[in-house]
Amino acid sequence: MQDMMVFRDAGSRTVDRYLMSYEGRVIAVRRHPAVLLLPVSLVVAGLVLCGFVGAALGVTWVWWLWLLLLGYLTWKVIAWSIEFFLVTEHRVMVISGVLNRSVAMMPLAKVTDIALERSLAGRMLGYGEFVMESAGQKQALRNVGYMPYPEQLYLEVSSVIFGAEDASPD
């Protein structure tokens with residue numbers, strides 16, 4: 001079978017160990033970096049707050065609290081960098097986890113519908129959320145948020161899942 005490999009991230013080679021010997025990777029992407037907006041905002045707000053508190057009260061211990069926030073951001077960046085949304089010709093997967101790896105999987109044969117939802121923030125920043133319906137079952141992959149290049153990715157995923165070359169977003 002021809003390998004479509006439309007989307008490929010340089011770090012996505014780490015997902016190869018989760019593929020079966022007869023599977024070729026079709027689509028492998030990280031979530032949109034917007035998933036890091038909250039941790040970055042917390043670090044920036046913490047920096048400003050620590051600067052004011054440190055200057056006003058003359059205490060230096062508040063900077064230790066900011067270092068905790070910085071550690072939180074570092075953890076989130078590492079987690080983001082090794083989390084992948086993966087579509088093969090047989091299944092859809094989300095691979096995540098820093099210390100404990102988690103692989104959520106849904107066979108393509110079970111996917112009955114896929115929808116693309118985009119919030120106002122998602123439209124402004126360029127991400128969307130996939131909502132996948134399966135054949136009457138509750139699946140771990142029902143909602144997959146922060147998908148980059150949402151329209152293009154939606155078309156590619158739809159063509160892999162449903163075999164249609166001319167799928168269009170809802």
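What pattern does the chain follow, read along the sequence? In this predicted model, the chain runs β-α-α-β-β-β-β-α-β-β-α.

**View 1. The whole chain, with four helices and seven strands.** Of the 170 residues here, 39% are buried. Take the contacts with a separation of 6 or more: 51% of them come from residues 24 or more positions apart. On the outside, the chain exposes about 9800 Å², and carbon and sulfur atoms supply 61% of that.

**View 2. An open sheet of four strands, in the order E1-E2-E3-E4.** The pairing is antiparallel. Strands E1 (25-29) and E4 (102-107) sit at the edges with a single partner strand each, so one side of each has no neighbour in the sheet. From one strand to the next, the twist averages 15°.

**View 3. Strands E3 and E4, paired in the antiparallel sense.** E3 covers residues 91-96, and six bridges link this strand to E4. For a landmark, look for Val94, which stands opposite Ala104 in E4.

**View 4. Helix H4 packed on the sheet.** This helix, residues 150-162, touches E1, E2 (84-88) and E3. Its direction makes about 150° with that of E1.

**View 5. A nonpolar patch on the surface.** Trp61, Trp64, Leu65, Leu67 and Leu68 make up this patch of about 630 Å². Trp64 belongs to helix H2 (residues 62-81). Is Trp64 buried or exposed? With a relative accessible area of 62%, Trp64 counts as exposed, because the cut-off for that label is over 50%.

Terms used
Residues are numbered from 1 along each chain as its sequence is written. This is a predicted model: local features need pLDDT of at least 70, side-chain atom pairs count only at pLDDT 80 or more; totals for chains, interfaces and linings use all residues. Side-chain values use heavy atoms; hydrogens and water are left out. Two strands pair if DSSP finds at least two bridges between them. Helices (H or I, at least four residues) and strands (E, at least two) are DSSP runs, numbered from the N terminus. Axes are lines fitted to C-alpha atoms, for helices over the stretch in contact, and angles run from 0 to 180 degrees between N-to-C directions. Contact means heavy atoms within 4.5 Å. Patches are made of residues with over 30% relative accessible area and no salt bridge: like charges are joined within 9 Å, nonpolar side chains (Val, Leu, Ile, Met, Phe, Trp, Tyr) within 5 Å. Accessible areas come from the Shrake-Rupley method with a 1.4 Å probe; for residues, only the protein chains shown count as cover. A salt bridge is a side-chain nitrogen of Lys or Arg within 4 Å of a carboxyl oxygen of Asp or Glu. Buried means under 20% relative accessible area, exposed over 50%, partly exposed in between (1.4 Å probe, protein chains only).
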